[in-house]
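Reader: I would be grateful for a close look at a single part of this structure, followed outward into its surroundings. Please proceed step by step, and support each inference with the values on which it rests.

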Amino acid sequence: MLPGRLNKDGIRIYSPEDFAGMREAGKLAADILDRIAAHVVPGVRTIDIDNAILDMIKEAGATSATIGYKGYQHASCISINHVVCHGIPSDKKIKSGDILNIDVTVIVDGWFGDTSRMYVAGQPNRKAERLIDITHDCLMKGIEQVRPGNTFGDIGAAIQRYAEAHRCSVVRDFCGHGLGRVFHAAPNVLHYGRWGSGPVLEPGMFFTIEPMINLGRPETKILADDWTAVTKDRSLSAQFEHSVGVTETGVEIFTISPAGTFHPTWDRAEA
Ligand code: MF3
Ligand code: CO
Ligand code: CO
């Protein structure tokens, strides 16, 4: 039995006590993303990063939500450069200047914590750094809209307005999602949309916001491995993800970085 109740839009409303469970799961996922930064260096294979992530999950007594999910076999998704999302860890080595998203979802006491952020091997070039900054700011613009009475459309509209004002595009083919005692639940959280449209936000809703923003066109395609999503025009793509809860007055971010390194994960170059 899942806790809470479904509202009229079929979105689960969790109770105030349930926030504690999300906080623990979110904190572990964020802490793992903090600690993995040291592994992101030129020459390392993405499978080595994934193995380190799995070790951290196990050492914490938690479980990976992605291993076994629809046949997926890894503890993270690692999406490099023009890979939009769902990059599969492999023998591929990261090169200096590569930008990568690392996405981790853990289960702690039955609660799901889902977060991702951007890393760079060495220093990003100016174009890449700009895309990453814009994408991070898109996520935060979306989170700013989270409060009772606003709508899911407000979240998408805020993200889309910011991305397009900066001549970037919002990926339409993937979205955020409700989560809690399950990995993916209603609603689909779109990263584009119209102000005032969509379901109304209520205290006790738990969901992710995880915009994927491209330097070029928004279209994606899936590679033959059936997972890896890339930009059709091979333009650079970035993504950030937080798990959040709607409170009586606004929002709680469950996946805040304990080290304060959600963004940037690297040292900014001297000007
Ligand atoms: N963590 C991803 C998300 O943000 C989902 C990854 S599913 C996997 O929803 F199977 F690809 F790992
Ligand atoms: Co997610
Ligand atoms: Co994720």
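Author: A residue is called buried when its relative accessible area is under 20%, exposed when that area is over 50%, and partly exposed in between. The model under discussion is predicted. With that cut-off in hand, consider strand β16, which covers residues 242–246. His-242, Val-244 and Val-246 point to one side of β16, Ser-243 and Gly-245 point to the other, and every one of them is buried. In general, the side chains of a regular strand alternate between the two faces of the sheet. Since 5 of the 5 residues of β16 are buried, this strand is largely enclosed by the rest of the structure.

The pairing of β16 comes next. Strand β11, residues 206–209, runs antiparallel to β16 and is joined to it by 4 bridges. Within this pair, Phe-206 has Gly-245 of β16 as its bridge partner. Strand β17, residues 251–253, is also antiparallel to β16, and 3 bridges connect these two. Here the bridge partner of Gly-245 is Glu-252 in β17. Gly-245 is thus bridged to Phe-206 and to Glu-252. The connection from β16 to β17 is a hairpin of 4 residues. As a general matter, strands of a sheet pair through backbone hydrogen bonds, in either a parallel or an antiparallel sense.

Strand β11 itself is covered on both faces. Phe-206 and Thr-208 are buried on one side, while Phe-207 and Ile-209 are buried on the other. Ile-209 also leads to a cysteine: its C-alpha lies 7.7 Å from that of Cys-175, although 34 residues separate the two in sequence. Cys-175 belongs to the loop between β8 and β9, the latter being residues 176–178. Its relative accessible area is 25%, so Cys-175 counts as partly exposed. Apart from neighbours within four places in sequence, Cys-175 is in contact with Asn-188, Val-189, Leu-190, His-191, Glu-210 and Met-212.

From that loop one may pass to β8, a member of an open sheet of 3 strands ordered β8-β12-β15 with antiparallel pairing. The edges of this sheet are β8 (169–170) and β15 (237–239), each of which pairs on one side only. Strand β12, residues 212–214, runs antiparallel to β8 and is joined to it by 2 bridges. One of the pairs involved is Ser-169 with Asn-214 of β12. Helix α3, residues 126–144, packs on this sheet, where it touches β12 and β15, and its direction makes about 35 degrees with that of β15.

Helix α3 has a helical partner as well. The angle between α3 and α4 (residues 152–165) is about 150 degrees, and their axes are 8 Å apart. An angle over 145 degrees counts as roughly antiparallel, and α3 and α4 are therefore roughly antiparallel to each other. Their crossing is right-handed. On the α3 side the contact is made by Ile-134, Asp-137, Cys-138, Lys-141 and Gly-142, and on the α4 side by Ile-155, Ala-158, Ile-159, Tyr-162 and Ala-163. These residues divide into 7 nonpolar, 1 polar and 2 charged.

A further helix pair may be set beside this one. Helices α1 (residues 18–36) and α2 (residues 46–59) pack at about 140 degrees, with 10 Å between their axes. These two helices are therefore oblique to each other. The crossing of α1 past α2 is right-handed. Ile-32, Arg-35 and Ile-36 of α1 form the contact with Ile-49, Ala-52, Ile-53, Met-56, Ile-57 and Glu-59 of α2. In this contact there are 7 nonpolar residues, no polar residues and 2 charged residues.

One other sheet completes the account. It is open, has 3 strands in the order β5-β14-β13, and pairs in the antiparallel sense. Its edge strands, each pairing on one side only, are β5 (83–85) and β13 (220–222). The twist from one strand to the next averages 40 degrees. Between β5 and β14 (residues 229–231) there are 2 bridges in an antiparallel pairing, and Val-83 stands opposite Val-230 of β14.

To return to the part with which the account began, β16 is bridged to β11 and to β17, and it is largely enclosed because 5 of its 5 residues are buried.

Key:
Residues numbered from 1 in each chain as written. Chains lettered and ligands numbered in written order. Predicted model: local features only at pLDDT ≥ 70, side-chain atom pairs only at ≥ 80, totals over all residues. Heavy atoms only, no water. Pairing = 2+ DSSP bridges. Contact = heavy atoms within 4.5 Å. Axes fitted to C-alpha atoms, helices over the stretch in contact; angles between N-to-C directions. Parallel < 35°, antiparallel > 145°, perpendicular 65-115°, else oblique. Left-handed = near helix turned anticlockwise from the far one by under 90°. Nonpolar A, V, L, I, M, F, W, Y, C, P; charged D, E, K, R; others polar. Buried < 20%, exposed > 50% of the residue type's maximum accessible area, 1.4 Å probe, protein only.
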